[in-house]
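Please open the model in your viewer and keep the selection panel at hand. The tour below proceeds from one selection to the next.

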Amino acid sequence: MVPNVNATPVTGRRGVYWQTGLCLALLAGAGWLVRRHWPTVEHGALRLAVADQGWLFVAALAAVGTWASSALAQQGAVVRRLPGGRLVAAQFAASAANHLLPAGLGAGAVNLRFLMRCGLPAGRGASALAVKAAAGVVVRLALIAALAPACPGLLRIPHLSVAALLAVTTAAVLLVVLIRVRVWARCRDAVTAVAADIRALHARPVRAAALWGGSLAFAGLHALVLIAVARAVELPLSPARVALLYLAASGAAALLPTPGGLGSLDAALALALTVSGTPAAAAASAVLGYRLLTVWLPLLPGLLVLGLLVRRRAL
């Protein structure tokens with residue numbers, strides 16, 4: 001049974017206002033931090049300007065590859081064959097839209113509209129987006145689990161007292177009961193549809209390979225962008241440690257609904273790099289380079305592609 005998207009409670013107007021207000025507060029906080037630490041940021045920008053151009057080129061190629069891998073994962077989440085060129089263009093446009101709205105709403109709206117233009121019902125398109133997102137989460141957790149033993153001591157589990165553990169356990173149990181009683185009845189149809197789509201996709205090895213391979217490539221290429229920039233500015237960290245720090249920081253930043261992780265991801269990356277022993281100026285250079293290649297340089301072209309797709313009614 002395909003869920004009726006119009007009947008599914010998504011985010012009310014009050015929720016959108018709350019998210020927007022939180023985004024503005026977080027961005028204002030990030031701006032305040034940048035102003036307070038402006039000498040470090042300025043020194044980081046100057047260091048990036050004289051960085052190794054070869055490694056920056058590698059980082060740029062990896063950034064371009066993220067859109068192709070996102071398209072591959074999206075195709076893997078849909079049984080129907082999608083038009084390849086428009087699919088990659090839609091991912092490029094979605095990455096730009098994702099930096100204008102909070103909590104991934106921009107990318108989700110663009111991709112859902114694209115899938116509907118390709119003939120998928122709204123419910124089936126939403127299910128495909130959920131499958132892709134779930135695969136991305138599983139891949140990132142698997143990468144963290146694989147890299148953590150190679151970087152002992154980098155990710156430390158905080159020590160919790162018995163009282164804190166009991167409080168967390170009680171809160172988790174109450175949350176599960178609340179979801180079971182109040183939310184599960186509303187979400188049952190959607191979860192059933194997503195589970196059916198997952199079974200149908202894994203019955204086709206080509207689609208399953210595209211879903212998991214694209215999700216793995218997407219996370220890996222984003223980590224490679226940061227690794228290459230770190231090499232360009234001579235960060236004293238191994239590639240495995242940089243990749244693990246990126247995966248952990250991006251996972252933490254995903255909990256904050258800022259547009260494209262602006263502010264939250266920058267702060268999380270900078271904090272992770274400095275806590276691991278990187279000088280503040282070098283960490284600022286790496287974060288600036290990563291964001292420049294994945295956000296700021298592609299932003300205007302991505303918005304232009306978005307407008308072109310809308311004009312041609314591909315979205």
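A residue is called buried when its relative accessible area is under 20%, and exposed when that value is over 50%. The model under examination is a predicted one.

**Cysteines.** Select Cys151 first. With a relative accessible area of 2%, Cys151 falls under the 20% limit and is therefore buried. Move next to Cys118, which is also buried, at 16%. A disulfide is a covalent bond between the sulfur atoms of two cysteines. A search for pairs of cysteine sulfur atoms within 2.5 Å returns zero disulfides in this model.

**The whole chain.** Now display the protein chain as a cartoon. Its elements comprise 11 helices and zero strands. Of its 315 residues, 39% are buried. If a surface is switched on, about 17,200 Å² is exposed, and carbon and sulfur atoms supply 70% of that area. Contacts in the chain may be considered as well: among those between residues at least 6 apart in sequence, 77% join residues at least 24 apart.

**Thr66 in helix H3.** Select residues 53-76, which form helix H3, and locate Thr66 within that helix. Is Thr66 buried or exposed? Its relative accessibility is 4%, so Thr66 counts as buried. Beyond its neighbours within four places in sequence, Thr66 has contacts with Phe218, Leu221 and His222.

**Helix H10.** Select residues 264-275. These 12 residues make up helix H10, which reaches 16 Å from its first C-alpha to its last, close to the 16 Å expected at 1.5 Å a residue. Show the side chains of Ser264, Leu265, Ala268, Leu269, Ala272 and Leu273, which are buried. Viewed down the axis of H10, the buried residues fall within an arc of 150°, so they line one face of the helix. Their cover includes helix H8 (205-232), helix H9 (239-253) and H11. Rotate to the face turned away from the buried side to find the exposed residues Leu271 and Val275. After H10 comes Gly277, with a positive phi near 110°.

**Helix H11.** Finally, select residues 280-311. Helix H11 has 32 residues and reaches 45 Å from its first C-alpha to its last, close to the 46 Å expected at 1.5 Å a residue. Where does H11 bend? The bend, of about 55°, lies at Leu299, and the proline Pro301 follows within four residues. The tour ends at Arg313, which follows H11 and has a positive phi near 60°.

Key. Residues numbered from 1 in each chain as written. Predicted model: local features only at pLDDT ≥ 70, side-chain atom pairs only at ≥ 80, totals over all residues. Heavy atoms only, no water. Helix = DSSP H or I, 4+ residues; strand = E, 2+ residues; numbered from the N terminus. Buried < 20%, exposed > 50% of the residue type's maximum accessible area, 1.4 Å probe, protein only. Contact = heavy atoms within 4.5 Å. Areas by Shrake-Rupley, 256 points an atom, 1.4 Å probe, with all protein chains shown as cover. Expected span 1.5 Å × (residues − 1). Bend = angle between axes of the 7 residues up to and from the residue. Arc of directions from axis to C-beta.
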